[in-house]
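Reader: I would like to learn how to read pockets and a metal site in a model such as this one. Could we take them one at a time?

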Amino acid sequence: MTIDVDADNGQYKGIQKLTYTNNSPDVLDRVFYHLYFNAFQPGSEMDVRSRTIVDPDSRVKDRISKLTPAEIGFIKPLSLTQDGVVLTYEVVGTVLEVKLAKPIMPGESTVFDMTWDAQVPSQIRRSGRNNKEGVAYSMTQWYPKLAEYDFQGWHADPYIAREFHGVWGDFDVTINMDKEYVIGGTGYLQEDSKTRRGKKSWHFVAPNVHDFTWAADKDYIHDTYDGPNGVTLHFYYKNDPAILENWKKLQPLTAELLAYFNEHIGDYPYKQYSVIQGGDGGMEYAMSTLITGNRKLGSLVGVTAHEMAHSWFQFLLATNEGRHEWMDEGFTSYISNLAMDKVMNENSKNPNASSYRSNANLAISGKGVPATTHADRYESNRVYGTTAYSKGCVFIAQLGYIIGEDNLKKTIKQYYKDWAFKHPTPNDFIRVAEKVSGLELDWYLLDFMYTNGFVDYAVKEVINEDLKSIITLERIGLVPMPIDVSVEFNDGSVMNYYIPLQMMRGEKPTAAGEIRSVIGDWAWAYPTYTFEVVAGKPIRKVTIDPSLRMADVQRENNTLSK
Ligand SMILES: [Zn+2]
């Protein structure tokens, strides 16, 4: 792609040559492109959704409805050909529907040539002009982007401000812009980038990415910092005295974060990653992130940790976020919470505790919906956010409780190894966990994520007799779990028991240093489970899941004291 930007009015002209290969077994007689900037127009689906949802995003609200013609966003295709033959097409909101001149057979490639005019919106939602911190151009979702076709067909979702799904490709992008601007973004800057007649041509190459993002400003400071494995970290931030110190401190911590993700997920495959001030919060892009920069250090590192972790789940594994948003946001939250705990020396007992709390609150409110809900079509931003971020995080954190932390660590690495660049589905993930652990886990994906059910176990009764005690536990929620239970005696000594869940057809391994007794299975249909402890001393307290890693929505009934 080559674009020529008029930085004064936010307009640009683009030329795109796209070689597309049909890797599906199907014959394709049409294609779709996303024209994301068309969402920034009064009356668009994004505008109306932003105004009618019960809890509007404060960054958007009714602002799109008030944009003037000079402030709206648009992408207007001017011409489109397939292998030189002119195509007919129709712009429908944020989607371009294209009838092909010649069907693309399985395994065949075809070349699309498009020219277009565009305008960058003045409203910032991820992309746009002049964000609140004064960054001139946040250029995300800025070009006609081919939609993904996979085993579920076309994913030409209209853009209403939420999730993405894209096609991997090799990008070669030249941006012609007034020479005063500094540009950072996806891709490696090429040496032939040069200045001519007041404009600089910024030439970038990005191999095997599914998106291309950039940002531009006249006052960017550009630092580089050497990260692990020969990866160069780039930092672009405003020359604003209020933020300089934190943006310097961020640099070595970003290198530590990258090392953490390399170790716990798998090696980052590119040689560059850029942290760029821009946008309206934090958002992940290929080989880069755009974040707002005027933050306390903890927040600056936290947002960088989160967005960088997306490089694995959103970009390299790249599940369809519209359908499985929780696999992206939840897994990203999980691993970045752990990474933050490490690099900021927080040493919390459970770095994911706040996700557990949000998940429990939503379950108790009765407003939870199955995570099969499309990301765009939740009743509220809150229910979407809690399901995607908190419940998704709890799903993977709790998997460590179910199969053991060592098995979870192996599962994450194996998942990345097996599924990078393949758009995995939830089933692909749970199958990896099953193979790594040797345990049956289909029930977990189904019951915990795909129903409104929740986990709630209780200690129902403890009877101390002369030589033995009888303990009865109860399953109150519909979602089953294997149970860790600790028994504390009057003399202060403790014994740990493990009750396998029968449908798992096995037991989680004993953790290093753990001492426990494995007792009989608990099959799901039985609401209660009774066992005896023969210790010759009375019990003082019985606790279900003392590690707090089971997502029990009512913890009060997990403990019974005599
Ligand atoms: Zn995220």
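Author: Let us begin with a pocket, keeping in mind that this is a predicted model. The second largest pocket has a volume of about 630 Å³, and among the 30 residues of its lining, R59, R125, R126, Y384 and Y389 are the closest to its centre.

Reader: Which elements supply at least two residues each to the lining of the second largest pocket, and which gives the most?

Author: At least two residues each come from α1 (45-52), β23 (282-285), α3, α4 (321-343) and α6 (381-403), and α3 gives the most, with five residues. Sorted by class, this lining of the second largest pocket holds nine nonpolar, ten polar and eleven charged residues.

Reader: How should I read the zinc site, and which residues coordinate the zinc ion?

Author: One starts from the donor atoms and then asks where they sit along the chain. Here the zinc ion is coordinated by H306 (NE2), H310 (NE2) and E329 (OE), at 2.0 to 2.1 Å, and these donors follow the spacing H-x3-H-x18-E. Both H306 and H310 belong to helix α3 (residues 297-317), where they are four residues apart, about one turn of the helix.

Reader: Are H306 and H310 buried or exposed?

Author: H306 is buried, and H310 is buried as well.

Reader: What is the volume of the largest pocket, and which residues lie nearest its centre?

Author: Its volume is about 890 Å³, and of the 38 residues lining the largest pocket, Y20, E148, V167, W168 and G169 lie nearest its centre. Strand β2 gives the most to that lining, with six residues, and the lining of the largest pocket divides into 14 nonpolar, 16 polar and eight charged residues.

How values were computed. Residues numbered from 1 in each chain as written. Predicted model: local features only at pLDDT ≥ 70, side-chain atom pairs only at ≥ 80, totals over all residues. Heavy atoms only, no water. Donors = N, O, S within 2.8 Å, 3.2 Å for Na, K, Ca; no water. Buried < 20%, exposed > 50% of the residue type's maximum accessible area, 1.4 Å probe, protein only. 1 Å grid on protein atoms, 1.4 Å probe; cavity = no way out; pocket = protein on both sides within 12 Å on 5 of 7 lines; lining within 4 Å. Points joined across faces, edges and corners; volume = space filled by probe spheres on them. Nonpolar A, V, L, I, M, F, W, Y, C, P; charged D, E, K, R; others polar.
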